[in-house]
Structures are given as C-alpha cells and as structure tokens.
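Hi everyone, thanks for making the time. I'd like to walk you through one model today, so please have the view open while I talk.

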Amino acid sequence: MSEKMEYEAMKDREGILLNANESSVNLPVDIRKEIAEKIVDISFHRYPEDEASALCQAYADYAGVKPTQVIAGNGSDEMLGLMISLFIQKGDKLLTLTPDFSMYDYYLGMHEGEIVRYERKADAPFDIEGFIQKGKEENVKMILFSNPNNPTGQIIEKEDLCRIADTFKCPVVIDEAYGEFMEGTMIDQVDRYENLFVTRTLSKAFAFAAGRCGFLIGNEEMMEKIRPQKVPYNVNSMTQCAATIILSHKEELLTQCDLIKQEREHMIKECKDFNDSLLTLYPSHANFIYGRSAKKEELLKKFEEAGITIRNYHDNSFRITIGTPQENEKVYHILRSFKEEFQ
C-alpha cells in the first residue's frame, strides 16, 4: 500500500495566491450586495432548514436532475466523508488514483479502511483494463477519484467511467469539483447506474469557497436511503441563502469560468516548448496546471521572491492555479526566466 497522503490546509493569505485552486476573482459586487440584503432577513436564532430545499432545487435545476437526487453539504468534502462512512468499514478497501485528492485518505482513516491506489501517469492515456483488474483483485468496496484529476488536470473519458460503473457493484463516486472546466459530466448517467454518485462544489467555478457548499447527486432511490444519514443542519442558513442566490446568477458566473479556460489554454500554448527534464507542464482540463521540475526548489524560490504562492508536493511536482491575466503573465515570465537561467 502506498504511503498515506495528508491534506494540508492553505495558510498563506498574502501576495498572489495560486495554490488552492480558488477563483482568481471575487463574486461580482452586485451579487454580493444581493446576498447582503437577503442575509439580514435570516432568523439567526433558529436552526437552518435541514433539507436545504431551496438550495437543492436551485442546484437540481442547474444540474438537470430532480431535487430529490441532490443532497447539499458543508462543502463536497462532507459528502465524500458521508459516502465513505456509509460504505467503508474497518478493513474494507477503497480504490482511487495516485496522485489524487488527499482528503480521501483523511476520511478513510477515520473509518479504518484501506486505500488501494492505481497509478495514473500524467503523460500517458488512462489504462482502463489495468484499473478494472486492480479493483477486482483487491475486492474493493468503493471506488472514488476526481475527474478532472486533482492535481494533474487529466480526465477519464465518459465511456471508461461508464464501464467502471457497469463493471463494479460497489459505489462508484466521481468527484467533479472541477467539472465546469471540462466538457461533459457523469451527472447525466446517475439514473442509468444505481451505484454511481457524483459530487460537485461551488468553491471553484462559482467563486464561493468561503461558503463551503457542495453537493452529492445520485440515483433517486439510492439518495432516498442516504439522505437520512447526513448530519442534521449541516448547511448553515447564511450559506443556503448565499448559494441559492449565486446559482440564480449561474450564466453570469460561468462566463468567468470560460475566461479561466481561455487563460489556461493560452498558458499551455505559451509554455509548450518547456517540456523537458528541467521543466514540464501538462495539459489540463481544470482551473490549474500541473508540472514537474528537476530543480523544483530553485523554481519555488523564484515564485516566492515574486510574492506568488503555488502548491508544492513532496516529490518533484507542483500545481499552479490559473489566475487573472496579469497574474498569469507574471507566472509565465517566472517560468521563462527559470528556463533561461538553468537550461
């Protein structure tokens, strides 16, 4: 079994922050004002509405499903933890990818489950046959991975995802935290596969990381069984209010998502000649770019001197969130100067 990964909460709050895959811009002022006007009417002395009905209806409208197929959570992390708590007992195995989101390890450890990792190379196609064989050999009780992958930005095609859901009888959970930055989704397949679940969040494409709001979407019959198991009052009244308003402005906010994708593709194009042992940047379907460097510490020092924080991993890899055009231009110049100095 691979070494356990630990989640590291982001502590840096100064300078240019390109380490947590947050939106590069705040919610528009008019939306923030609308939220402020509504929040003053909240009954702060009362507990939140337990089912978050208005919020689930708003997200169901956005996702194209019934509200009974949606459970809202304190971030999609809570929904991932809920699924693990329901389907993993001591000694049960969960199959995921490596690298992938380290919070899976966190929740699995709480229930004394075992993690099985299938290596996903950043520069190679996904080996669906090898993945399925691994899952069968290990007799896994749950499958969970991010798509697009965090941190590589790679995707697994829908055909392969459907094959996984069709092959295994255990829950298959697709973490689509970065779903708005790719083409397609597995949400439209949850009615087809009873064991298929998708998690989503408002933290990335909807610029609402401060609100901690996420969702679990699944087959209606399965969701009816899962809903009573969630923590009561798990989404506070302020988040319910703000998130519902945010979703009412989804068309406006998703235009910013399109701009991020354009900036991402521009960055990849500008850096396409960097791919060698000194510095490699990989194509991405998310709001970040994943890279590797043989001289990573020297590269990190250049970013630090420029007041830019990026995500550093324990091996030779790193991840850079797509920022504003001005921030991305600074990133590009740092990468270019690094290549020129150490080549």
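**A walk through the sheet**

Let's start in the middle: L95 stands opposite I143 in strand 5. Before going further, a word on the source: this is a predicted model, where local features need pLDDT of at least 70, side-chain atom pairs count only at pLDDT 80 or more, and totals for chains, interfaces and linings use all residues. Residues are numbered from 1 along each chain as its sequence is written, and side-chain values use heavy atoms, with hydrogens and water left out.

When I say helix or strand, I mean DSSP runs, numbered from the N terminus: H or I over at least four residues for helices, and E over at least two for strands. Two strands pair if DSSP finds at least two bridges between them.

So, which strands pair with strand 5? Strand 3 does, in the parallel sense over 2 bridges. Strand 6, residues 172-175, is also a parallel partner of strand 5, over 4 bridges, and there F145 stands opposite I174. From strand 5 the chain crosses through helix 6 to strand 6, and this β-α-β crossover is right-handed. By right-handed I mean that, with the strands pointing away from the viewer, the path from the first strand over the helix to the second runs clockwise.

Is strand 5 covered or open on its two faces? M142, L144 and S146 on one side and I143 and F145 on the other are all buried, so to speak for both faces, they are covered. Buried here is under 20% relative accessible area, exposed is over 50%, and partly exposed is in between, with a 1.4 Å probe and protein chains only.

Now zoom out a little. Strand 5 belongs to the order 2-8-7-6-5-3-4, an open sheet of 7 strands with mixed pairing. Its edge strands are strand 2 (70-73) and strand 4, each of which pairs on one side only. From one strand to the next, the twist averages 20°. Angles like this run from 0 to 180 degrees between N-to-C directions, and axes are lines fitted to C-alpha atoms, for helices over the stretch in contact.

For an antiparallel pair, look at strand 7 and strand 8, joined by 5 bridges. T199 has L216 in strand 8 as its bridge partner. Helix 2, residues 53-63, packs on the sheet and touches strand 2, strand 7 and strand 8, where a contact is heavy atoms within 4.5 Å. The direction of helix 2 makes about 120° with that of strand 2.

Helix 4 also packs on the sheet, touching strand 3, strand 4, strand 5 and strand 6, and its direction makes about 155° with that of strand 4. Which residues of helix 4 are buried? They include M103, Y104, D105, Y107 and L108. Among the elements covering them are helix 3 (75-87) and strand 4 (114-119).

**Some backbone details**

A reminder before the next part: most residues other than glycine have a negative phi, and most peptide bonds are trans.

Where do we find cis peptide bonds? One runs from T98 to P99, with omega near 5°, and P99 is in the loop between strand 3 (93-98) and helix 4 (103-110). Another runs from N147 to P148, also with omega near 5°; P148 sits in the loop between strand 5 (142-146) and helix 6 (158-167).

On to positive phi. N139, which is not a glycine, has a phi of about 50° and lies in the loop between helix 5 (128-138) and strand 5. E112, which follows helix 4, has a positive phi near 60°. A207 has a phi near 55°, in the loop between strand 7 (196-201) and strand 8 (214-218). Why does A207 count as buried? Because its relative accessibility is 18%.

A lysine to look at is K261, in helix 9, residues 250-270. K261 counts as buried because its relative accessibility is 17%. Not counting residues up to four places away in sequence, K261 touches E180, F181 and E183.

**The whole chain**

To finish, the overall picture. The protein chain has 11 helices and 12 strands, and buried residues make up 54% of its 343 residues. Of the contacts with a separation of 6 or more, 72% come from residues 24 or more positions apart. Along its principal axes, the C-alpha trace spans about 60 × 55 × 30 Å. Thanks for listening!
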